[in-house]
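Thanks for coming, everyone. I'll take the charged pairs, then one strand and its partners. Here is the model.

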Amino acid sequence: NEVGAALGLRSVRKLLISGELHLQDLSCPSPAWIEKQLANFQEPALIAPQLLDLADSLGATKAHLLFDFRTHGSESILQPNLAGLQGPAVLLFLDGVKLGAEQLCRLQNLPPHQHGLARAARVGPGLLSMYALADVACIVSGEALFYFDPRGTHFVDPEQKGVRPVGKAHLFVNSDMPRKFADQFAPFKVFGFDPARGFNGTLIRLPLKHDLCDSMGPDSGVSPGGEAA
């Protein structure tokens, strides 16, 4: 902290207090709820159909599933603990679908019949299926960057005792956030996303769990992408 102060750097906490990060706390599902919903959907091969079916239920004009094997920089990120999320990931792009904080929380914390979808998704965990691949869900939609950390292992508040599920929304349009935290946005720069303006779609980025990196890596024989119209 002393070194940072000497260099003129301010902590994320101070930026939050000043309102420069436009932060909103969100409801995040608990590990127990996720485990219950994923009881029969632990195999990675079962997850892609779940996510693509959800895309259809949300009314996406197109859905693209992408494997990103790159590792991105971690110098200008919101918290040091988030560096582990900059590695290989699965990305789901929903064209023409913008999800707000309320709907993202509803899709994760409520039973399917309360999701408010035009067409009910097929039987399965729906959006919660993303936690079979990732410990933390990273989402860009509209004008906001969302993070859902059910185990509370990546978003750490030094004043908080113990760990708990953490949900965060950062409104980045018309702010300095993309410039100050450029590395945080770098993994999302696909499918036309530009943090300088709003995004007419949703990008769900799922940094792969460590035990999945090898089995789904570039030498694994897994197909690098897919899509559904």
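**Salt bridges and strand β4**

Start with arginine 70. It counts as partly exposed, because its relative accessibility is 42%. Keep in mind that this is a predicted model. What does arginine 70 form a salt bridge with? The partner is aspartate 68, and the closest N and O atoms are 2.9 Å apart. Now, is aspartate 68 buried or exposed? Its relative accessibility is 5%, so aspartate 68 counts as buried. The cut-off for buried is under 20%. So this bridge joins a partly exposed arginine 70 to a buried aspartate 68.

A word on the chemistry. Side chains of opposite charge can pair when their charged atoms come close.

How many salt bridges does the structure hold? Five. I'll show two others.

Next, helix α5, residues 101-109. Here arginine 106 and glutamate 102 meet through their side chains in a salt bridge, at 3.5 Å from N to O. Where do these two sit along the helix? They are four residues apart in α5, so about one helical turn separates them. Look at accessibility too. Glutamate 102 counts as exposed, at 60%. Arginine 106 is at 29%, so it counts as partly exposed.

Now aspartate 194 and arginine 197. Their side chains form a salt bridge, 2.9 Å from N to O. Aspartate 194 has 26% relative accessibility and counts as partly exposed. Arginine 197 is also partly exposed, with a relative accessible area of 48%.

That's it for charges. On to strand β4, residues 137-142. How many of its six residues are buried? Six of the six, so β4 is largely enclosed by the rest of the structure.

What does β4 pair with? Take strand β5, residues 144-149. The two strands run antiparallel, and five bridges join them. Which residue in β5 is the bridge partner of valine 140? Leucine 145. With one residue between them, β4 and β5 form a hairpin.

Then there is strand β7, residues 199-207. β4 pairs with β7 over five bridges, again in the antiparallel sense. One contact to find on screen: cysteine 138 stands opposite arginine 205 in β7.

To recap. Aspartate 68, buried, bridges to arginine 70. Arginine 106 and glutamate 102 pair within α5. And β4, with six of its six residues buried, pairs antiparallel with β5 and with β7. Happy to rotate the model for anyone.

Definitions and conventions
Residues are numbered from 1 along each chain as its sequence is written. This is a predicted model: local features need pLDDT of at least 70, side-chain atom pairs count only at pLDDT 80 or more; totals for chains, interfaces and linings use all residues. Side-chain values use heavy atoms; hydrogens and water are left out. A salt bridge is a side-chain nitrogen of Lys or Arg within 4 Å of a carboxyl oxygen of Asp or Glu. Buried means under 20% relative accessible area, exposed over 50%, partly exposed in between (1.4 Å probe, protein chains only). Two strands pair if DSSP finds at least two bridges between them.
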